Amino acid sequence: MARVALVTGGTRGIGAAISIALQKAGRLVVASYAGNTEAAEAFHKETGIEVIKFDAGNYDQSVAAVNEIAAKHGAIEILVNNAGITRDAVLSKQSREMWDAVIDTNLGSCFNLCKATFDGMKAAKFGRIVNIGSINGQAGQYGQVNYAAAKSGIHGFTKALAQEGARYGVTVNAIAPGYVDTDMVRAVPPDVLEKIIAKIPRGRLGKADDIARGVCFLTADDADFVTGSTLSINGGQHMY
Ligand SMILES: NC(=O)c1ccc[n+]([C@@H]2O[C@H](COP(=O)([O-])OP(=O)(O)OC[C@H]3O[C@@H](n4cnc5c(N)ncnc54)[C@H](OP(=O)(O)O)[C@@H]3O)[C@@H](O)[C@H]2O)c1
């Protein structure tokens, strides 16, 4: 039987590439989204991958979604916490709402979905969790105290949970992407983006597939000796 995988934010950008790569690897994939139903339906039509709408930053909705997927397909064995947003502003212009939204969506979602799936993985003696962090959680970034804190938190969360899962065959790893060509990065002003690309030794933005390849490696059945690690995929921009 195909292992069941949930990819949060799996209908667009990096998440969509991850969903497709996991499907190609023989997983039964469910991709979640938050509100862009049009994009999610188009993704489903194109790929045949099941989509589910819920706010990954909301605990009750996350638990309900996990239960719904388990009832339909069996317990989730592969979890990719990819859902993320930015609400950029320097601290003096950043509101408490911007802080809460970014922390809840990027970091709170990892807690919500791991909490809802982890005991089942432990009982099954198999689990693969990949949390999508960021180069900006490793290096910091101007105007992103909320995002850098959330992503940095993901890296700590990953190392702590990996210690709880190891003896049960549940691995927990993170990927720290550099700048990847998705809607999130297309929102960066072109002059700023040009300066960013100039600092990437590889000389280009990342592709969503570059990140998906890392997820396939970390979620493979025989990847059980890799846990608590952060895989940087950033074209050499930050060597951590
Ligand atoms: N792009 C980059 O350069 C880059 C670099 C480093 C790290 N990352 C991280 O990689 C991940 C994916 O980024 P991306 O660039 O692919 O983003 P994106 O193109 O903006 O897509 C984000 C996805 O997350 C979903 N989402 C947002 N908020 C959600 C919520 N509360 N609950 C459930 N799903 C939610 C979106 O759903 P809707 O379609 O419904 O809005 C969408 O499917 C994020 O965690 C991001 O922080 C990206």
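Buried residues are those under 20% relative accessible area. The close-ups that follow are taken from a predicted model.

**Figure 1. Strand S1 and its two parallel neighbours.** Strand S1 covers residues 4-7, with Val-4 and Leu-6 pointing to one side and Ala-5 and Val-7 to the other. All of these residues are buried. S1 pairs with strand S2 (residues 28-33) in the parallel sense, over four bridges. Within this pairing, Val-4 stands opposite Leu-28 of S2. To get from S1 to S2 the chain passes through helix H1 (residues 13-24), and the resulting β-α-β crossover is right-handed. S1 also pairs with strand S4 (residues 76-81), again in the parallel sense and over four bridges. Here the bridge partner of Val-4 is Ile-76. Val-4 therefore serves as a reference point in this view, being buried at under 20% relative accessible area and placed opposite Leu-28 in S2.

**Figure 2. Helix H1 and the elements packed against it.** H1 has 12 residues and spans 17 Å from its first C-alpha to its last, close to the 16 Å expected at 1.5 Å a residue. Its buried residues are Ile-14, Gly-15, Ala-16, Ala-17, Ile-18, Ser-19, Ala-21 and Leu-22. An α-helix has 3.6 residues a turn, so residues three or four places apart point the same way. The buried residues of H1 pack against strands S1, S2 and S4, and also against helix H2 (37-47), strand S5 (127-132) and helix H9 (208-219). After H1 comes Gly-26, which has a positive phi, near 90 degrees.

**Figure 3. The aromatic pair of Tyr-59 and Phe-111.** The count of aromatic pairs comes to one. Tyr-59 and Phe-111 form this pair, with 6.3 Å between the ring centres and 35 degrees between the planes, and the arrangement is tilted. Tyr-59 belongs to helix H3 (residues 59-73) and Phe-111 to helix H4 (residues 96-124), so the pair ties together parts that are 52 residues apart in sequence. Tyr-59 is partly exposed, at 35% relative accessibility. Phe-111 is also partly exposed, with a relative accessible area of 44%.

**Figure 4. Charged side chains over aromatic rings.** Arg-3 lies over the face of Phe-126, at 3.5 Å from the ring centre. In a second case, the charged end of Lys-122 sits over the ring of Tyr-168, 4.9 Å from the centre of that ring.

**Figure 5. Strand S6 between strands S5 and S7.** S6 is mostly covered, with eight of its eight residues buried. Val-170, Val-172, Ala-174 and Ala-176 point one way from the strand, while Thr-171, Asn-173, Ile-175 and Pro-177 point the other way. S5 and S6 run parallel and are joined by six bridges. In this pairing, Ile-129 stands opposite Val-172 in S6. S6 is joined as well to strand S7 (residues 230-233), by four bridges, and these two strands run parallel. The bridge partner of Ala-174 in S7 is Thr-230.

**Figure 6. Surroundings of Thr-171.** Thr-171 lies in S6, which covers residues 170-177. With a relative accessibility of 2%, Thr-171 counts as buried. Leaving aside residues up to four places away in sequence, Thr-171 touches Gly-127, Arg-128, Ile-129, Leu-218, Ala-223, Asp-224, Val-226 and Thr-227. One of these contacts, Ile-129, is the residue that stands opposite Val-172 in S6.

**Figure 7. Two exposed loop residues.** Lys-125 is found in the loop between H4 and S5. Although Lys-125 is not a glycine, its phi is positive, at about 60 degrees. Lys-125 counts as exposed, at 54% relative accessibility. Arg-202 is located in the loop between helix H8 (190-198) and H9. Arg-202 is exposed too, with a relative accessible area of 57%. Arg-202 and Ser-95 are 107 residues apart in sequence, and their C-alpha atoms are 36 Å apart in space.

Technical notes. Residues are numbered from 1 along each chain as its sequence is written. This is a predicted model: local features need pLDDT of at least 70, side-chain atom pairs count only at pLDDT 80 or more; totals for chains, interfaces and linings use all residues. Side-chain values use heavy atoms; hydrogens and water are left out. Buried means under 20% relative accessible area, exposed over 50%, partly exposed in between (1.4 Å probe, protein chains only). Contact means heavy atoms within 4.5 Å. Rings of Phe, Tyr and Trp (its six-membered ring) pair if their centres lie within 6.5 Å; planes under 30 degrees apart count as stacked, over 60 as edge-to-face and the rest as tilted. A charge sits over a ring if NZ of Lys or CZ of Arg is within 6 Å of the ring centre and within 35 degrees of the ring normal. Two strands pair if DSSP finds at least two bridges between them. A crossover is right-handed if, with the strands pointing away from the viewer, the path from the first strand over the helix to the second runs clockwise. The expected span of a helix is 1.5 Å times one less than its number of residues.
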